[in-house]
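Trainee: I have a new structure to read. Can we take it step by step?
Mentor: Yes, ask away.
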Amino acid sequence: MADTIRTTEDLDHTQTARLVMDVMHRTIIHYALWFTEIRHQMGMDKALDALSVASKKSIGIQLNRLSKILGFDMHDGVPKPLLDMEKKDLLALLDGAAINWLANDGVWFQSVEFTSGMNDAKRCNDSCWAHFSPFEAWSIKQFLGLGDHPGLEGLKKALGFRVYARINVQSFTDDGPDAFIFRMNECRVQVARKGKNLPDYPCKSAGLVEYTYFASAIDDRIQTECIGCPPDEHPEEWYCAWRFSLK
C-alpha cells in the first residue's frame with residue numbers, strides 16, 4: 001500500500017470497501033475466540049450459556065446498526081429483505097450458505113494439508129469436529145426447542161437440520177423399537193471425488209467423532225455405532241451408515 005496512506009481517510013473507494021470486509025472478518029474471529037476461550041477457561045457448558053446470551057445481543061446490535069446504515073428494515077429481529085424473499089429464493093440462499101460452510105471447511109483442511117501434510121490435516125479436522133458437532137447439536141436444539149432428552153425421534157429431526165442435510169442426500173430406517181440406521185446416500189465431497197476418478201476420502205476417524213458427539217449432545221442416552229464409513233467398503237447406495245440406539 002502506498003506510503004502516502006496514513007489513516008483510513010486516505011484510502012480510495014475500493015480500499016475502503018476492502019477494509020469494511022476485513023473489519024467484519026475480524027469481528028467474526030473475535031466472536032469465535034471469545035467462545036473458545038470461555039470453553040477453555042470454564043468448560044463447554046459455561047461457554048454455551050454465555051453464547052446463548054451473547055449471541056442474541058450481539059446479532060441484534062449488529063443487524064440494527066447495519067440496517068440503519070444500509071437502509072433496510074428489521075422485523076422481529078430478522079432483516080425485512082429476507083422476509084420479503086420468495087420461499088424458493090430463501091431456500092436457495094440457505095443452500096448457498098450450506099455450500100459455503102462446506103467450502104470453508106475444505107479450505108481450512110487444505111491449508112493445513114498443503115503446508116504440514118495429510119496427517120496433521122486429519123488430526124486438526126477430527127479435533128475440530130469434536131468441538132463443532134456438540135455445538136451444532138446445541139444450536140439445533142435451541143432452534144427447534146428440543147428438550148434435554150428428545151430421544152431417537154429428536155435425533156432424527158436434528159439430523160435433518162444439520163448443515164449437511166441441505167447439501168447431501170440422507171435417509172433413515174428404523175431398526176427395532178429402540179434404534180434406527182442413518183445412511184449418507186450421497187455425500188457432496190465423495191461424489192466430487194468419484195467424478196474425478198479419485199478414491200473415497202477416508203473420513204471414518206472424523207465420522208466417529210462427528211456422529212458420536214452429535215448424538216450424545218442431542219441426548220446423552222443415545223449410543224452410536226458405525227456400520228461402515230470410508231475407507232470401509234460400502235455399497236453403491238450409501239457412503240457411510242450409522243446405527244443409533246437408546247441405552
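Mentor: Start with a definition: helices (H or I, at least four residues) and strands (E, at least two) are DSSP runs, numbered from the N terminus. The model is predicted: local features need pLDDT of at least 70, side-chain atom pairs count only at pLDDT 80 or more, and totals for chains, interfaces and linings use all residues. Residues are numbered from 1 along each chain as its sequence is written, and side-chain values use heavy atoms, with hydrogens and water left out.

Trainee: How many helices and strands are in the protein chain?
Mentor: Read the pattern along the sequence: α-α-β-β-α-α-α-α-β-β-α-α-β-β. The count is eight helices and six strands.

Trainee: What percentage of the residues is buried?
Mentor: Buried means under 20% relative accessible area (1.4 Å probe, protein chains only). The chain has 247 residues. The buried share is 30%.

Trainee: Which residues touch the most other members of the largest nonpolar core?
Mentor: Such a core is a set of buried Ala, Val, Leu, Ile, Met, Phe, Trp, Tyr and Cys residues joined through side-chain atoms within 4.5 Å. This one has 22 residues. Those touching the most others are Leu-155, Phe-182, Phe-214, Trp-242 and Phe-244.

Trainee: Which elements give two or more residues to this core?
Mentor: Take the helices, then the strands. The helices are α5 (118–144), α6 (151–159) and α8 (204–218). The strands are β4 (179–186), β5 (222–228) and β6 (240–246).

Terms used:
Buried means under 20% relative accessible area, exposed over 50%, partly exposed in between (1.4 Å probe, protein chains only).
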